[in-house]
Amino acid sequence: MLIALEASKIKPSDIDPIRLRELALDIERRAEFVSACQAWITAGREVSGIAAAIRETPWRFILTNSGQVIEVEHVDELEAAYWEAVDEMNVGRSCIGNEGHEEYVLEGIRNCLKVHRRASQFMTFEDDFARVEDAISNLFEGTGYIYNGENSFIPDDE
């Protein structure tokens, strides 16, 4: 969720470390927490305050634009987006090896890789996030083809 600070929502002066932690722990106030994090960064406060607020929660963040913008995501949402992309990619399984359908299969793979790459930016080692290579390997298992990692797939000569 890339959130721009809206002056009418949360003012930097309204946010303190305790309030930030309370918002991080309240699942019903996800959007407010994201806005509060943006307000925190906009006010020039230390990132360590956000890190402390999300400690031992499923929230993750990355800083962009030389630390001027924060993107905050919930692990559950990142994982859900990834598994949705895997499901969409797997729809193309029946098209593997059918002439004229290669691009459809490859588009599903590219989208899955893109979603995984974005989610991976936020994940930590402790998150034990799924390996996209395994999902792609499973897609081709038993089809007689393999993905060569170069935006194409080839017959499996084994």
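A salt bridge is a side-chain nitrogen of Lys or Arg within 4 Å of a carboxyl oxygen of Asp or Glu. A search of the whole structure finds 10 of them. Keep in mind that this is a predicted model. Several of these bridges are stops on the tour below.

**Stop 1: a bridge between strand and helix**

Select glutamate 73. This residue sits in strand 2, residues 69-74. Is glutamate 73 buried or exposed? Its relative accessible area is 9%, and buried means under 20%, so glutamate 73 is buried.

Now add arginine 118. The two side chains form a salt bridge, 2.8 Å from N to O. Arginine 118 belongs to helix 5 and glutamate 73 to strand 2, so the pair ties together parts 45 residues apart in sequence. The side chains of glutamate 73 and arginine 118 also count as a polar contact, at 2.8 Å. Arginine 118 is partly exposed, with a relative accessible area of 32%.

**Stop 2: a network of charges**

Select Arg19, Arg29 and Glu32. Salt bridges link these residues in a network. Zoom in on arginine 29 and glutamate 32. Their side chains meet in a salt bridge of 2.8 Å, N to O. Arginine 29 is partly exposed, at 30% relative accessible area. Glutamate 32 is partly exposed too, at 23%.

**Stop 3: another bridge**

Move to arginine 131 and glutamate 133. A salt bridge joins their side chains, at 3.8 Å from N to O. Glutamate 133 has 46% relative accessibility and counts as partly exposed. Arginine 131 is also partly exposed, at 49%.

**Stop 4: the largest core**

Select Tyr82, Met89, Val105, Ile109, Cys112, Leu139 and Phe140. These have the most contacts inside the largest nonpolar core, which has 24 residues. Next, colour helix 4 (75-91), helix 5 (102-122) and helix 6 (132-140). These are the elements that give two or more residues to this core. Which helix gives the most? Helix 5 does, with seven residues.

Stay on tyrosine 82. Leave aside residues up to four places away in sequence. Tyrosine 82 then touches Cys112, Val115, His116, Phe129, Ala130, Arg131, Val132 and Ala135.

Before leaving, pick out a second, separate core. That core has 16 residues, including Leu20, Leu23, Phe33 and Ile41.

**Stop 5: valine 115**

Select valine 115 in helix 5. What does valine 115 touch, leaving aside neighbours within four places in sequence? The contacts are Ala81, Tyr82 and Ala85.

Draw a distance line from valine 115 to glutamate 56. Their C-alpha atoms are 24 Å apart in space, and the residues are 59 apart in sequence.

**Stop 6: two loop residues**

Follow that line to glutamate 56. This residue is in the loop between helix 3 (47-54) and strand 1 (59-64). Its phi is near 60°, a positive value in a residue other than glycine. Glutamate 56 is exposed, with a relative accessible area of 77%.

Go on to serine 66. Look in the loop between strand 1 and strand 2. Phi of serine 66 is near 55°, again positive in a residue other than glycine. Serine 66 counts as exposed, at 75% relative accessibility.

**Stop 7: the aromatic rings**

Show the aromatic side chains. The structure has six aromatic pairs. One of them is phenylalanine 140 with tyrosine 147. What are the distance and angle of this pair? The ring centres lie 6.3 Å apart, the planes meet at 20°, and the pair is stacked. Phenylalanine 140 is buried, with a relative accessible area of 4%. Phenylalanine 140 also appeared at Stop 4, among the core residues with the most contacts.

Now select tyrosine 145 and phenylalanine 153. Their centres are 5.8 Å apart and their planes stand at 85°, so this pair is edge-to-face. Tyrosine 145 is partly exposed, at 24% relative accessibility. Phenylalanine 153 is buried, at 12%.

Select both pairs together. Phe140, Tyr145, Tyr147 and Phe153 form one aromatic cluster.

**Last stop: a charge over a ring**

Finish at tryptophan 40. Arginine 45 lies over the face of this ring, at 4.9 Å from the ring centre.

Notes
Residues numbered from 1 in each chain as written. Predicted model: local features only at pLDDT ≥ 70, side-chain atom pairs only at ≥ 80, totals over all residues. Heavy atoms only, no water. Core = buried A, V, L, I, M, F, W, Y, C linked by side-chain atoms within 4.5 Å. Buried < 20%, exposed > 50% of the residue type's maximum accessible area, 1.4 Å probe, protein only. Helix = DSSP H or I, 4+ residues; strand = E, 2+ residues; numbered from the N terminus. Contact = heavy atoms within 4.5 Å. Polar contact = N/O pair within 3.5 Å; in protein donor to acceptor, adjacent residues only side chain to side chain. Phe/Tyr/Trp six-rings, centres within 6.5 Å; stacked < 30°, edge-to-face > 60°. Lys NZ or Arg CZ within 6 Å of the ring centre and 35° of its normal.
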